[in-house]
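Q: Please take a close look at a single part of this structure, and then set that part in its wider context. I would like one connected account.

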There are 2 protein chains.
Amino acid sequence: MSPEGFGTIERKTIFEGQVVRLYVDRVELPNGHEAEREVIEHSGAVGVVALDQNGWIYLVKQYRHAAGEELLEIPAGKLSSGEKPLDCGKRELEEEIGFQAFDWLELASFYTSPGFTNEMLYLYLGSKLRKTQANPDEDEFLEVVHLPMGKALEMVAKNEIKDSKSVAGIALATIYLKHQYQPRKTRRMAEK
Amino acid sequence: MSPEGFGTIERKTIFEGQVVRLYVDRVELPNGHEAEREVIEHSGAVGVVALDQNGWIYLVKQYRHAAGEELLEIPAGKLSSGEKPLDCGKRELEEEIGFQAFDWLELASFYTSPGFTNEMLYLYLGSKLRKTQANPDEDEFLEVVHLPMGKALEMVAKNEIKDSKSVAGIALATIYLKHQYQPRKTRRMAEK
């Protein structure tokens, strides 16, 4: 617990699923009051802005059951147990769109919705792409879409691209390409 | 159901809380397989990039129990029942940092994490600020932080600002201020 934080008095486990675990915590607030907090635990996820030499990006279109609609998103996926975020980004990029990237930058990482979940999203920019073979999970149904970064940014403004990792990734990549954004660490590494 | 979508065969209600509702849905995939989907229903939320005449923004620092740490975020809050997103943004801006904004732009809206939740985040840019009186909820403990937009963008790169609405909001506002981003609708309205 942070000194500014809340002490957890009691935790009730409500549900332990494949993707989320749900707890209801009884916490003590700094003013001595008690309150309940609903907490969704999630293993974290990775998204990749895949940028080709012409400044175009690759997106995937898929139906999202929780959202109830088809969305156009950057390639992404959940972290497997023990998997490092960069390894997950490389895996998802190849599985979903069939490319390897030879340059990787860490654009940002963020809680998707810190009011109720600890889900952390690691956002990479992958460039110097080489075509391999897409290999989606058996139960994934994806369509790959290739378009200029400027067009993707317009689609954010028009609400045609509307998920947090894609909006943040397209916006940060746009600033980066204009040399106005310095990602925290630069890792330039070749695929083995 | 979208033609590309999954048919829901059965929905089990696991939990109905103050912030989230959790369902486990049995769905039919396009290939005829059946699968389970864990769905978190959420009423949606609003975040505001509050920009003053010098290009500085206002952030709030608060402990987030689900994240387990103190975060620096743009002012934000959950939609109340029946509340319009813009009204929620105006309310939260005044409650959390004690300002009204006279110019409002819709920067974007997005699903925070469409793999498991329908939570929609409406992101505004509020400018032409006038000081009123902060009025946080009794059980909110906030510290207001005021800093240049460029500094905020650096803090994204350094992972010192790390939640989706703040990262997306700061990145989009940066592009907007450089006249390289056209929000979908512009609503310029005075407070009543």
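A: In this predicted model, B:Lys128 is partly exposed, because 16 other C-beta atoms lie within 10 Å, a count below the 20 at which a residue is taken as buried. The residue sits in strand E9 of chain B, which covers residues 120-131, and its phi is near 55°, a positive value in a residue other than glycine.

A second residue of chain B with such a backbone angle is B:Asn159, whose phi is near 65°, again positive and again in a residue other than glycine. B:Asn159 lies in the loop between H2 and H3 of chain B, and takes this positive phi just after H2(B). With 14 other C-beta atoms within 10 Å, B:Asn159 is partly exposed.

The helix that comes just before B:Asn159 leads into the packing of the two chains. In helix H2 of chain B, residues 149-157, the residues B:Ala152, B:Leu153 and B:Val156 are buried. These three are on the same side of H2(B), because they cover an arc of only 100° around the axis. As a general point, an α-helix has 3.6 residues a turn, so residues three or four places apart point the same way. The buried residues of H2(B) pack against strand E5 (56-64), strand E10 (143-148) and helix H3 (164-177) of chain B, and also against E8 of chain A.

That last partner belongs to the other chain, and the contact between the chains takes 64 residues from chain A and 64 residues from chain B. On the side of chain A that touches chain B, at least two residues each are supplied by E1, E2, E3, strand E5 (56-64), strand E6 (69-73), strand E8 (99-111), helix H2 (149-157) and helix H3 (164-177) of chain A. H3(A) gives the largest share of that side, seven residues, and the residues of the side as a whole divide into 34 nonpolar, 17 polar and 13 charged.

As for the arrangement of the copies, a turn of 180° and a shift of 0.0 Å along the axis lay chain A on chain B with an RMSD of 0.0 Å. The two copies are thus related as by a two-fold rotation axis. The C-alpha of A:Ala168 is the one in chain A nearest this axis, at 2.2 Å from it. The same surface serves both copies, in that 100% of the contact residues of chain A recur in chain B.

Among the elements of chain A that supply contact residues are E1, E2 and E3, and these form an open sheet of three strands in the order E1-E2-E3, with antiparallel pairing. Strand E1 (7-16) and strand E3 (34-41) are its edge strands, each pairing on one side only, and neighbouring strands of the sheet are turned by 20° against each other on average, with direction ignored. Strand E2, residues 21-28, pairs with E3(A) in the antiparallel sense over eight bridges, and A:Glu28 has A:Glu34 in E3(A) as its bridge partner.

Taken as a whole, chain A has three helices and 11 strands, which run β-β-β-β-β-β-β-α-β-β-β-α-α-β from the N terminus on. Of its 192 residues, 43% count as buried, and the C-alpha trace spans about 55 × 40 × 40 Å along its principal axes. Among the contacts in chain A with a separation of 6 or more, 60% are accounted for by residues 24 or more positions apart.

Technical notes. Residues numbered from 1 in each chain as written. Chains lettered and ligands numbered in written order. Predicted model: local features only at pLDDT ≥ 70, side-chain atom pairs only at ≥ 80, totals over all residues. Pairing = 2+ DSSP bridges. Helix = DSSP H or I, 4+ residues; strand = E, 2+ residues; numbered from the N terminus. Axes fitted to C-alpha atoms, helices over the stretch in contact; angles between N-to-C directions. Least-squares fit on C-alpha atoms with pLDDT ≥ 70 in both. Contact = placed C-beta atoms within 7 Å. Nonpolar A, V, L, I, M, F, W, Y, C, P; charged D, E, K, R; others polar. Buried ≥ 20, exposed ≤ 12 C-beta atoms within 10 Å, placed from the backbone. Arc of directions from axis to C-beta.
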